[in-house]
Amino acid sequence: MPLQSISTEHIAIDPSYCFGKPRIAGTRMPVATIAKLYLEMGESLEDIATEYDLSLASVYAAMAYYYDHRQDIDRHTAESEAYVEQIRRNSTPSPLQEKLREIRGE
């Protein structure tokens, strides 16, 4: 029996959409966000589907995709977080940030 391709109807990757991140098809919800909600924040997949108006199948597909591509997704997430932190360090504080620092005595 020949191998068959697995359906990818739930996951989309488009370089011109969401910076090419894998996401749930028809939405802007990245696979990495589903993984973070589930693995780091402890939300159930059923609750994620309900809260974000996603099909349960698409949420499970996102987790399956995450586990199949974990290293790449985690690396990209870490790179994005490092980039944001670099921008934060190199930016001058806004007037609101300055005011909050004054209030906190920083």
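The exercises below work through salt bridges, a pocket and some surface features of one predicted model.

Residues are numbered from 1 along each chain as its sequence is written. In this predicted model, local features need pLDDT of at least 70, side-chain atom pairs count only at pLDDT 80 or more, totals for chains, interfaces and linings use all residues, and side-chain values use heavy atoms, with hydrogens and water left out.

**Exercise 1.** Find how many salt bridges the whole structure holds, and describe the one between Asp72 and Arg75.

Solution.
- Step 1. Start with the criterion: a side-chain nitrogen of Lys or Arg lies within 4 Å of a carboxyl oxygen of Asp or Glu.
- Step 2. A search of the whole structure gives 6 salt bridges.
- Step 3. In the bridge between Asp72 and Arg75, the closest N and O atoms are 3.5 Å apart.
- Step 4. Place the pair: both belong to helix H4 (residues 70-90), 3 residues apart, which separates them by about one helical turn. Helices here are DSSP runs (H or I, at least four residues; strands are E, at least two), numbered from the N terminus.
- Step 5. Recall the geometry: an α-helix has 3.6 residues a turn, so residues three or four places apart point the same way.
- Step 6. Check the exposure, where buried means under 20% relative accessible area, exposed over 50% and partly exposed in between (1.4 Å probe, protein chains only). Asp72 is partly exposed at 44%, and Arg75 is partly exposed at 44%.

**Exercise 2.** Which residue forms a salt bridge with Arg89, and where do the two partners lie?

Solution.
- Step 1. The partner of Arg89 is Glu85, with 4.0 Å from N to O.
- Step 2. Both residues are in helix H4, 4 residues apart, or about one turn of the helix.
- Step 3. Arg89 counts as exposed, with 58% relative accessibility, while Glu85 is partly exposed at 34%.
- Step 4. For a distance across the model, take the C-alpha atoms of Arg89 and Asp14: they are 31 Å apart, with these positions 75 residues apart along the chain.

**Exercise 3.** Describe the salt bridge between Arg104 and Glu106, then name the residues that salt bridges join into one network.

Solution.
- Step 1. The side chains of Arg104 and Glu106 meet at 3.8 Å, N to O.
- Step 2. Arg104 is exposed at 55%, and Glu106 is exposed at 63%.
- Step 3. Asp72, Arg75 and Glu79 form one network through salt bridges that share partners.

**Exercise 4.** What lines the largest pocket?

Solution.
- Step 1. Define a pocket: on a 1 Å grid over the protein atoms alone, it is an open set of points where a 1.4 Å probe fits, with protein on both sides within 12 Å along at least five of seven lines; lining residues have an atom within 4 Å of a point.
- Step 2. The largest pocket holds about 510 Å³ of space. Its lining has 23 residues, and Ala32, Thr33, Ile73, His76 and Thr77 are the closest to its centre.
- Step 3. Helix H1 (31-40), helix H3 (56-68) and H4 each supply at least two lining residues. The largest share, 9 residues, comes from H4.

**Exercise 5.** Is helix H5 (residues 95-104) largely in the open or largely buried?

Solution.
- Step 1. Count the buried residues: of the 10 in H5, the number is 0.
- Step 2. Helix H5 therefore lies largely in the open.
- Step 3. Just after H5, Gly105 has a positive phi of about 75°.

Terms used: Grid points are joined across faces, edges and corners, and a volume is the space filled by probe spheres set on the points.
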